[in-house]
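Reader: Could you walk me through the ligand site and the cysteines of this model? I'd love to take it step by step.

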Amino acid sequence: MDLLLLNGPNLNRLGKREPDVYGHETLEDIELRIRKLCMDQNVGLLCFQSNHEGALIDRIHQAADDGTYGIVFNPGAYTHTSIAIRDAIASVELPVVEVHISNIHKREPFRQQSMLAPVCVGQISGLGTDGYVLGATYLLDKMGRN
Ligand code: CA2
């Protein structure tokens with residue numbers, strides 16, 4: 001069984017701008033870290049990033065049908081706006097961990113609300129890119145307990 005690392009809009013630009021907010025790592029660096037973590041436990045990692053809401057929704061649906069165990073998901077700005085992504089998560093049985101590099105609760109008021117948190121198993125926010133590692137670790141542990 002695999003985990004899916006899913007990233008939303010603009011996260012393909014990580015490491016290129018705003019290092020004070022999002023750090024220096026690129027998305028490829030993050031994917032490599034999570035891939036190594038999964039490999040140590042003989043679990044595969046699928047990675048997908050899109051700047052398009054519908055593509056993210058299609059990928060969530062695909063994960064439900066292809067035997068993926070769970071999703072580590074940074075939805076980017078769709079976190080704050082997308083009822084469609086919320087409905088997609090609610091429409092699948094998979095555990096989804098919402099991850100934010102920055103602490104969205106310390107930022108502008110429009111970032112402090114997540115449309116998605118109520119349908120995710122949990123939210124990790126403000127721990128930098130380690131949040132992805134912590135989210136994946138949670139799912140790997142949960143997988144081992146099943
Ligand atoms: O803190 C996070 O991880 C966010 O999900 C990042 C999103 C933002 O809209 C959310 O409110 C919080 C933005 C990702 C934009 O990524 C950039 C990467 C490089 C340079 C500028 C932005």
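Reader: How far is a backbone N or O atom of Ala-77 from an oxygen atom of the ligand?

Author: Happy to help! This is a predicted model, where local features need pLDDT of at least 70, side-chain atom pairs count only at pLDDT 80 or more, and totals for chains, interfaces and linings use all residues. Residues are numbered from 1 along each chain as its sequence is written, and side-chain values use heavy atoms, leaving out hydrogens and water. A polar contact is a pair of N or O atoms within 3.5 Å. For Ala-77, the backbone atom and the ligand oxygen are separated by 3.4 Å.

Reader: Which residue has a polar backbone atom 2.8 Å from an oxygen atom of the ligand?

Author: One polar contact comes from a side chain: a polar atom of His-100 lies 2.9 Å from a ligand oxygen. The backbone partner at 2.8 Å is Ile-101.

Reader: How many disulfides does a search of the whole structure find?

Author: A disulfide is a covalent bond between the sulfur atoms of two cysteines. Here it is counted when the two sulfur atoms are within 2.5 Å. For Cys-47, the nearest cysteine sulfur, in Cys-38, is 8.4 Å away. The whole-structure search gives a count of zero.

Reader: Why is Cys-120 without a bond to the closest cysteine sulfur?

Author: The closest cysteine sulfur belongs to Cys-38, and Cys-120 cannot bond to it because the distance is too far, at 18 Å.

Reader: Is Cys-120 buried or exposed?

Author: Buried means under 20% relative accessible area, exposed over 50%, and partly exposed in between, using a 1.4 Å probe and protein chains only. Cys-47, at 26%, is therefore partly exposed. With a relative accessible area of 12%, Cys-120 is buried.

Conventions. Polar contact = N/O pair within 3.5 Å; in protein donor to acceptor, adjacent residues only side chain to side chain.
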